[in-house]
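Student: Could you walk me through the buried inside of this protein? I'd like a close look at that one part.

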Amino acid sequence: MGLLKTFFTNCACPQGRMGRAMLKFMNLCHAPLTNWGLKLVNIQDGWTMLDIGCGGGATLQRLMKRSEGSKVYGIDISEESVAKAKKVNAEVLNKRVFITQGSAENLPYEDGKFDLVTAVETVYFWPNLPACLQEVRRVLKQGGKFAILIEVIDGDSMWTNVVEGMTAYSPEELKTLLDDAGFIQTEIHRMKPSNATIIGVKA
C-alpha cells in the first residue's frame, strides 16, 4: 500500500522516476474522459486555449487537433510534467504549443487572452480553489469557456484516501463555485460511472 500510495500521490506534482511513470499513465488513462469532455465544448478553429495542470501534454495535442490554426498553452506546477509535455509536443513547441511551469493561483497570462481554459483531473489539487477560479476568469475572453473534467466526484472515494492532498468535489459543488466566481450558463454533464464535465462561461 505504501508504494501504491507514493505512486498515486504523484498525481498532484509528478516527481522523479515514479512521476515520469505517472505521466505516461495519465496520458493513457485520461484519454476517454478528455475526448468525451472536449466534444461538449464545441471548440472552434483559431481559438487560443489553455490547459491548466497539463501533465504529460496529451490534452494539449487533443486541443490543437480540434482547432485548426489554434494556439495552445499549457501550465503545470511540476518540472517533470513540463519536461514531458514539451517532449510530447516537440514538433510544434513554441510554434503552436507553449508550455510554462507555474500555478493556477497565479497565471502568467494577460487578461482576456483565452477562448477556452481546461482543467482535466486537476482541480482536486488546487489550493484556494475560489481564488484559482478568479484567475481562470481573468484570463478568459468575454464569452470564453472554462471546462472542468473530473473522474472522482465523491469526497469519500478511495482515491482521496490513497492520494495525499486530494480534495474531491461533486459536480454540484463545482457548479456552485463557478457561479460564485461569476461564471454564467454553468452546465453539468455526466458520463457513467462517475465522469463529469462542468462548463462555465465568462459573462
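Tutor: Sure, let's start from one residue and work outwards, keeping in mind that this is a predicted model. Take Leu 50: leaving aside residues up to four places away in sequence, Leu 50 touches Tyr 73, Gly 74, Ile 75, Leu 107, Tyr 109, Phe 114, Leu 116, Val 117, Thr 118 and Val 139.

Now zoom out. Leu 50 belongs to the largest nonpolar core, which has 34 residues. Together with Ile 52, Val 117, Trp 126 and Phe 146, Leu 50 is one of those that touch the most other members. Who supplies this core? At least two residues each come from strand 1 (48-52), strand 2 (71-76), strand 4 (114-120), helix 6 (129-139), strand 5 (140-150), helix 8 (171-180) and strand 7 (195-202). Helix 6 gives the largest share, five residues. As a bit of background, nonpolar side chains in soluble globular proteins tend to be buried together.

That isn't the whole story, though. Apart from this core lies another one, of 21 residues, and Leu 33, Trp 36, Leu 60 and Ala 147 are among them.

Let's follow Leu 33 for a moment. You'll find Leu 33 in helix 3 (residues 31-39). Its relative accessible area is 0%, so Leu 33 counts as buried. Not counting residues up to four places away in sequence, Leu 33 touches Val 120, Glu 121, Leu 149, Ile 150, Glu 151, Asn 195 and Ala 196. Here's a nice one to find on the model: Leu 33 and Thr 197 are 164 residues apart in sequence, yet 8.7 Å apart in space, C-alpha to C-alpha.

Leu 60 takes us to helix 4 (residues 58-65). Six of the eight residues of helix 4 are buried, so this helix is largely enclosed by the rest of the structure. The buried ones are Ala 58, Thr 59, Leu 60, Arg 62, Leu 63 and Met 64.

What about cysteines? Cys 54 is buried because its relative accessibility is 4%, below the 20% cut-off. Cys 132 is buried too, at 0% relative accessibility. As for disulfides, the count comes to zero.

Finally, back to strand 7, one of the suppliers of the largest core. Strand 7 pairs with strand 6 (residues 183-191) in the antiparallel sense, over seven bridges. The two strands form a hairpin, with three residues between them. To trace the pairing yourself, pick Glu 187: its bridge partner in strand 7 is Ile 199.

Definitions and conventions: Residues are numbered from 1 along each chain as its sequence is written. This is a predicted model: local features need pLDDT of at least 70, side-chain atom pairs count only at pLDDT 80 or more; totals for chains, interfaces and linings use all residues. Side-chain values use heavy atoms; hydrogens and water are left out. A nonpolar core is a set of buried Ala, Val, Leu, Ile, Met, Phe, Trp, Tyr and Cys residues joined through side-chain atoms within 4.5 Å. Buried means under 20% relative accessible area, exposed over 50%, partly exposed in between (1.4 Å probe, protein chains only). Helices (H or I, at least four residues) and strands (E, at least two) are DSSP runs, numbered from the N terminus. Contact means heavy atoms within 4.5 Å. A disulfide is a pair of cysteine sulfur atoms within 2.5 Å. Two strands pair if DSSP finds at least two bridges between them.
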